[in-house]
Amino acid sequence: MMISVRDLQVRYAGRLVADVPELDVGAGECVAIVGESGSGKSTTLLSLLGLTENAEISGRVRVCGVDVLTASPKALREIRGARAALVMQSPQAALSPATRLGTLMRRALKLHGRQGNDVDAALEAVVLDREILRRYPHEVSGGQAQRFAIALAIALGAEVILADEPTSALDVTVQAEVVGVLRRLRAERDLALLLVSHDLALVSTIADRVLVMKDGAVVESGPAAEVLAEPAHPYTRELLEALP
Amino acid sequence: MLAYLARRLGQALLVVAGVVVLTFAVMRLVPGDPAVAFAGPKATPEQLAEARARFGLDDPLPVQLLTYARDLVTGDWGTSLRTRQPVRDDLYLAFPASLELVGAALLVAIALGVPLGVLAARHKMRLPDFGVRLGSMLAVSVPVFWLALALQTVFASNLGWFPIAGEYDTSLDTTSPLTLWTNITVVDALITGNWPIFTSTLEHLVLPALVVAAYPTGVIAQMTRAALIEESGQDHARLERALGFGETSILTRFALRPALSPVLSLIALVFAYAIVNGFLVEAVFNWPGLGRYAAESIRSLDTPAIAGVTLLVALVYVLANLVVDVLQGFVDPRTRSR
Amino acid sequence: MTDVQPLRRSLPRIPDRFAAFGAVLLAVVVLAALLAPWLAPYPLDEPRPLERLLPPSGAHWFGTDQVGRDVLTRILYGGRTSLTIAVAVLGVSAAVGVTLGVVAGYAGGWVRDVIMRVTDVFLAFPALLLSLALAVVLQPSVNTVILAIAVTWWPWYTRLAASVAASIATRPYVDAARCLGVPAPLIIVRHVLPNSLTPVLVQLSLDAGGVILTSAALSYLGLGAQEPTAEWGLMVQQGQTLFTTNWWVVTFPGLAILVTAFAFNVLGEGLRNALDPRRAVK
């Protein structure tokens, strides 16, 4: 298992915001967490990389074989980016405004001791031209920025991609592009993909299994086809009915 | 960018016009007759009348204002009542010395303030942060004239580590005379390779520059800290964390450049403030700059000279603001395309 | 429970008590000034020629000055001068500045343009500089200092109030009031002014230190308070030639200025963080 979560509880100032009894993602597998905003799905995702600030976390979280909750800061920094990569919702805001994309790429590769020749393959995999490396974040489109974030993960050799609403800030056509890239990479490179989304249409096209979260709790989980075809929980039915 | 520059330039010119009007108004508030001050108390009525005519004091005020503005533009900044020299020539000698002092102080302030701000942001709400914040608040609260006196007494008079006053050892003028290019002693000494005067000037600069640097250092440290903390709370810092970068590396390699943009705009403000603060420090260290010139002019109620200093500093301030606006375009690429 | 902040080095966190610390410090300064007649060990302005330049001792904690006056006594009374100047300057600046700013921000259009351009002109003069020029023109005294500094200080409040007012003028409830025919002055008094109050208060506290420093500097240059007024900047000026031989004459008045300005700055910083959650760091 690339990701293995047991009895995860995340609290902010004593308030329970996410409670996930069980979550496993294997290599080449895609699991989606769905729910409304505030359901605790993003918090769950961030806690997998130890990126929640000021939160109290209990349970057991293993990512790429490392126990995240007890790992040393150094061990944690080593899996971040290099083995498990994050793709965020707002693609341009996620890139430092005064840093060229190429500079970010170069620094990240150096940090994890990777070679520069991984870059070309990574850019090719997400269908981006090398020229993009010379640009600043405000000079690229949302779709380009998002594909660049995925290219970063590929170039760094990540085995796990954690995607937090990767398409919700994009236009519909661009969404399809990004989803296409994710789906292809998962097949070609045997990536483990954990996707957080409120977009059930997207989830149905890519996820193998689904967790439905509401108010911090998992209300339903199972194979995507089953959950989406025959929802057991009324909340899942509501979400499905909200689809156009 | 060009349109933006043109608009900023227009605004600046408007402010300059206002500054001229205000300076003129302050000068006209002076009790006592400038003609008497110029011609002297024993002047005959004819001499007085001549002086009045010469200064255009019989014209209506708006005409006087226009004459004043026209003279300023053509480079006639009046004649000092004290030195009997054109004010412009006096300023031309005094301003470079002030620039030298304030320039050195700002370099010190940036070299200290930015790293201190980074340190505080890196350990926010922890001991180093509180140390930097309290220290910078002390630095902006200290009366400069008192700090100048204290450092002079301790490090120059008592310990003898640094010279007590002056810009450089003037006895060097005979042994290794200085060729003037910019009138900024340290720069002239450097470009003409006059090492005795260069080192002497540096020695003389240390104490006054440190005193003038106190306030800007505090302000820059606080501002850098605040901007960095704001920047490191942005989305991109989360991605950088997720890529495995450490906090220090995020602050110095990703957050610092966008964070410096507000710090830069502050430096223009601080620059003008430092020049005026420099006045007090110049008085203590007998530095031959604008401050000493202003102090002497004030003592002898030399209104053209005071107006000249006032105008010059205000112009420098307006200019500094303009320069910073342009510089910001280079630091923060987002403003360039706007 | 694990506190997962693994990237932060684990120095202990310290709670932000700047506002409280500044308030206590300021309270001490204000009380010392208010109670000067009762706290002071000697009467004000009682030179004792035989006790000139005595070093600090049990009888004279801060020593005596060049004409034999107790330095501690003069520092306590000097607090009254400095605080009076600060209150007067900030009172006048805030009253004028906020009024103009609120009008500019609420009215918009050419009214705003004219007011803001005039403000820009005044802001182009560093406070001490224009005060210098004014203080030369007028007779040097405490009142001159107040006037001179106030003239340079109001534009900051105009800017501040204008930006607050401009943002409030577009709020729906203000629009609603305008549509109902509520006259502009009433809208300003009811909605715009109360909302400007908090940022102005924070600014007042932050500025008080600057006003104290500027007024002390003017007095130090001989353009402010005159003998025999007890004023810290003046005390430094009169004692400066004695610094090497009689350090206490200059050191204590300077420290008094430092502590007072520091108290205001710390309080202002604390208030800003407490009242503006966006700037505060949790």
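**Exercise 1. Work out how chain C is built, starting with its contacts.**

In chain C, 70% of the contacts with a separation of 6 or more are between residues 24 or more positions apart. Keep in mind that this is a predicted model. Next, take stock of the elements: chain C has ten helices and one strand. Reading from the N terminus, the order is β-α-α-α-α-α-α-α-α-α-α. For the dimensions, the C-alpha trace of chain C spans about 75 × 65 × 35 Å along its principal axes. Last step, burial: chain C has 282 residues, and 53% of them are buried.

**Exercise 2. Now do the same for chain B.**

Start with the elements again: 15 helices and zero strands make up the count for chain B. The C-alpha trace of chain B spans about 85 × 55 × 40 Å along its principal axes. On burial, 55% of the 338 residues of chain B count as buried. For contacts in chain B between residues at least 6 apart in sequence, 73% join residues at least 24 apart.

**Exercise 3. Describe how α7(C) packs on α8(C).**

Two packed helices are described by the angle between their axes and the distance between the axes, so let's get those two values. Helix α7 (residues 172-179) and helix α8 (residues 184-220) of chain C have axes that come within 11 Å and cross at roughly 170 degrees. Angles over 145 degrees count as roughly antiparallel. That makes α7(C) roughly antiparallel to α8(C). The handedness of this crossing is left-handed.

Which residues make the contact? From α7(C) come Y173(C), V174(C), A177(C) and R178(C), and from α8(C) come I187(C), H191(C) and N195(C). Sorted by class, the contact of α7(C) with α8(C) has four nonpolar, two polar and one charged residues.

**Exercise 4. Repeat the analysis for α1(C) and α10(C).**

Angle and distance come up again here: helix α1 (residues 18-34) and helix α10 (residues 248-275) of chain C have axes that come within 7 Å and cross at roughly 150 degrees. The crossing of α1(C) and α10(C) is left-handed. On the α1(C) side, the contact residues include F18(C), F21(C), L25(C) and V29(C). On the α10(C) side, they include V259(C), F262(C), V266(C) and L271(C). For the class breakdown, the contact of α1(C) with α10(C) divides into 14 nonpolar, three polar and one charged.

**Exercise 5. Find the nonpolar cores and look around V309(B).**

In soluble globular proteins, nonpolar side chains tend to be buried together. Here the largest nonpolar core has 154 residues. Inside this core, F145(B), F279(B), L290(B) and V309(B) have the most contacts. Which helix gives the most to this core? Helix α12 (residues 247-285) of chain B does, with 19 residues.

Zoom in on V309(B): leaving out residues up to four places away in sequence, V309(B) touches L91(B), F279(B), L290(B), Y293(B), A294(B) and L129(C). There is also a second, separate core of 100 residues, and V10(A), V20(A), I57(A) and Y235(A) are among them.

**Exercise 6. Track down some unusual backbone geometry.**

Most residues other than glycine have a negative phi, and most peptide bonds are trans. Let's hunt for exceptions.

Step one is the peptide bond between E227(C) and P228(C), which is cis, with omega about 0 degrees. P228(C) sits in the loop between α8 and α9 (232-239) of chain C.

Step two is E165(A), a residue other than glycine with a positive phi near 50 degrees. You'll find E165(A) in the loop between β7 (160-164) and α6 (172-189) of chain A. Is E165(A) buried or exposed? Its relative accessibility is 6%, so E165(A) counts as buried.

Step three is M125(B), where phi is positive too, near 65 degrees. M125(B) lies in the loop between α5 (87-122) and α6 (127-141) of chain B. With a relative accessible area of 6%, M125(B) is buried.

**Exercise 7. Compare sequence separation with spatial separation in chain B.**

Take Y4(B), found in helix α1 (residues 2-28) of chain B. Y4(B) has a relative accessible area of 29%, so it is partly exposed. Y4(B) and V326(B) are 322 residues apart in sequence, and their C-alpha atoms are 9.7 Å apart in space.

Now take E296(B), which has its place in helix α13 (residues 290-299) of chain B. E296(B) counts as partly exposed, at 29% relative accessibility. E296(B) and D129(B) are 167 residues apart along the chain, and 43 Å separates their C-alpha atoms.

Definitions and conventions
Residues are numbered from 1 along each chain as its sequence is written. Chains are lettered from A and ligands numbered from 1 in the order in which they are written. This is a predicted model: local features need pLDDT of at least 70, side-chain atom pairs count only at pLDDT 80 or more; totals for chains, interfaces and linings use all residues. Side-chain values use heavy atoms; hydrogens and water are left out. Axes are lines fitted to C-alpha atoms, for helices over the stretch in contact, and angles run from 0 to 180 degrees between N-to-C directions. Helices (H or I, at least four residues) and strands (E, at least two) are DSSP runs, numbered from the N terminus. Angles under 35 degrees count as roughly parallel, over 145 as roughly antiparallel, 65 to 115 as roughly perpendicular and the rest as oblique. A crossing is left-handed if the near helix is turned anticlockwise from the far one by less than a right angle, and right-handed if clockwise. Contact means heavy atoms within 4.5 Å. Ala, Val, Leu, Ile, Met, Phe, Trp, Tyr, Cys and Pro count as nonpolar, Asp, Glu, Lys and Arg as charged, and the others, Gly among them, as polar. A nonpolar core is a set of buried Ala, Val, Leu, Ile, Met, Phe, Trp, Tyr and Cys residues joined through side-chain atoms within 4.5 Å. Buried means under 20% relative accessible area, exposed over 50%, partly exposed in between (1.4 Å probe, protein chains only).
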